[in-house]
Amino acid sequence: MKTKAPTLRQFLDQFPTEDACLEHLMRIRFGDRHDCSKCGRSAHFYRVKARKVYSCEYCGNQVAPMAETPFERTRTPLRDWFHVMFLFSTTRNGVAAKEVQRQLGVTYKTAWRMCHEIRKYMGEVDGDAPMGGPGKHVEIDETFIGGFRSPKSVVLGMVERGGDVMTHVVPNQRRATLTPIIDANVIPGGAVHTDELRS
Ligand SMILES: [Zn+2]
């Protein structure tokens, strides 16, 4: 546990506010620019003040980064979700609801439900449903939960645009390590974006 404390702190420092979490979710799912579904232009989407949506710089079309994620219908702050997802990404043998309850100071019921939702979500995307395919975009980012990198492992995230999130903890970011994971989980035929992935 000694070695974990600083990395959790580093992680939490990167997401000091709800806005920071939402911003990250937006960029990880949709990138800095994406083709607007309404006007068709490659657009930057700006945060709509006081709302959890972003709007197209050209036509005002709105996208909600939390849609179709476990965070969508919940009053639990994103910061708490990120915290628990961090635990899932860095703990090999699973995360106990009791531990989440202790770390977040939430009720056991809330902690259990969060673990359940995240497990279900990761199970769906880590299980037998590979991502991508014709007409779909898959974003691959070595730092899914945000610029976070522990000394021993890299969190590799794959995000289908507007869809699923998949995370893998991998020992390094060499091409030889990453390629088989990507091959095993992404259906060929669609576009794969690896803007921030040096390998
Ligand atoms: Zn637009």
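This report describes the fold of one predicted protein model, from its overall make-up to its sheet, its helices and a few loop residues.

## Overall make-up

The predicted model contains 6 helices and 10 strands. Of the 199 residues in the protein, 30% are buried. Among the contacts with a separation of 6 or more, 51% link residues that lie 24 or more positions apart.

## The four-stranded sheet

An open sheet is built from 4 strands in the order β1-β2-β3-β4, with antiparallel pairing. Its edge strands are β1 and β4 (62–63), each of which pairs on one side only. Taking the pairs in turn, strand β1 (residues 33–35) and strand β2 (residues 42–47) are antiparallel and share 3 bridges, and within this pair H34 stands opposite A43 in β2. The pairing of β2 with β3 is likewise described as antiparallel, over 3 bridges, and here Y46 is set opposite S55 in β3. Finally, β3 and β4 run antiparallel and are joined by 2 bridges, with Y54 opposite V63 in β4. As background to such pairings, side chains in a regular strand alternate between the two faces of the sheet.

## Two hairpins and their turns

The hairpin of β1 and β2 has 6 residues between the strands, and G40 in this hairpin adopts a positive phi near 80°. The hairpin of β2 and β3 also has 6 residues between its strands, and the turn residue A50 has a positive phi of about 65°.

A50 deserves a separate remark, since it takes this positive phi of about 65° although it is not a glycine. In general, most residues other than glycine have a negative phi. A50 belongs to the loop between β2 and β3, and it counts as exposed because 5 other C-beta atoms lie within 10 Å, against a limit of 12 or fewer for that class.

## Helices α2 and α3

Helix α2 has 13 residues and spans 18 Å from its first C-alpha to its last, close to the 18 Å expected at 1.5 Å a residue. The buried residues in α2 are C21, L22, H24, L25, M26 and R29. Just after α2, G31 takes a positive phi of about 80°.

Helix α3 also has 13 residues, and its reach of 18 Å between the first and last C-alpha is close to the expected 18 Å at 1.5 Å a residue. What sets the surroundings of α3 is its burial: 11 of its 13 residues are buried, so the helix is largely enclosed by the rest of the structure. The buried positions in α3 are L78, D80, W81, F82, H83, V84, M85, F86, L87, F88 and S89, a list that includes the charged residue D80.

## How α2 and α3 pack

Helix α2 (residues 18–30) packs against helix α3 (residues 78–90) at an angle of about 60°, and their axes are 8 Å apart. The contact brings E18, C21 and L22 in α2 together with L78, R79 and F82 in α3. By class, this contact has 4 nonpolar and 2 charged residues, with no polar ones. Among the residues of this contact, C21 and L22 are buried in α2, while L78 and F82 are buried in α3.

## The nonpolar core

The largest nonpolar core has 25 residues, and those with the most contacts inside it are W81, F82, V84, M85, V100, M114 and C115. Two or more residues are given to this core by each of α2, β3 (54–56), α3 and α5 (108–126). The largest share, 8 residues, comes from α3. In soluble globular proteins, nonpolar side chains tend to be buried together.

## V106 in the loop between α4 and α5

Is V106, which lies in the loop between α4 (97–104) and α5, buried, exposed or partly exposed? V106 counts as partly exposed, because it has 19 C-beta neighbours inside 10 Å, whereas a buried residue needs 20 or more.

Leaving aside residues up to four places away in sequence, V106 touches D80, Q101 and A111, and of these D80 is a buried residue in α3. V106 and T76 lie 30 residues apart in sequence, and their C-alpha atoms are 9.5 Å apart in space.

Technical notes: Residues are numbered from 1 along each chain as its sequence is written. This is a predicted model: local features need pLDDT of at least 70, side-chain atom pairs count only at pLDDT 80 or more; totals for chains, interfaces and linings use all residues. Two residues are in contact if their C-beta atoms, placed from the backbone, lie within 7 Å. Axes are lines fitted to C-alpha atoms, for helices over the stretch in contact, and angles run from 0 to 180 degrees between N-to-C directions. A nonpolar core is a set of buried Ala, Val, Leu, Ile, Met, Phe, Trp, Tyr and Cys residues joined through C-beta atoms within 7 Å. Two strands pair if DSSP finds at least two bridges between them. The expected span of a helix is 1.5 Å times one less than its number of residues.
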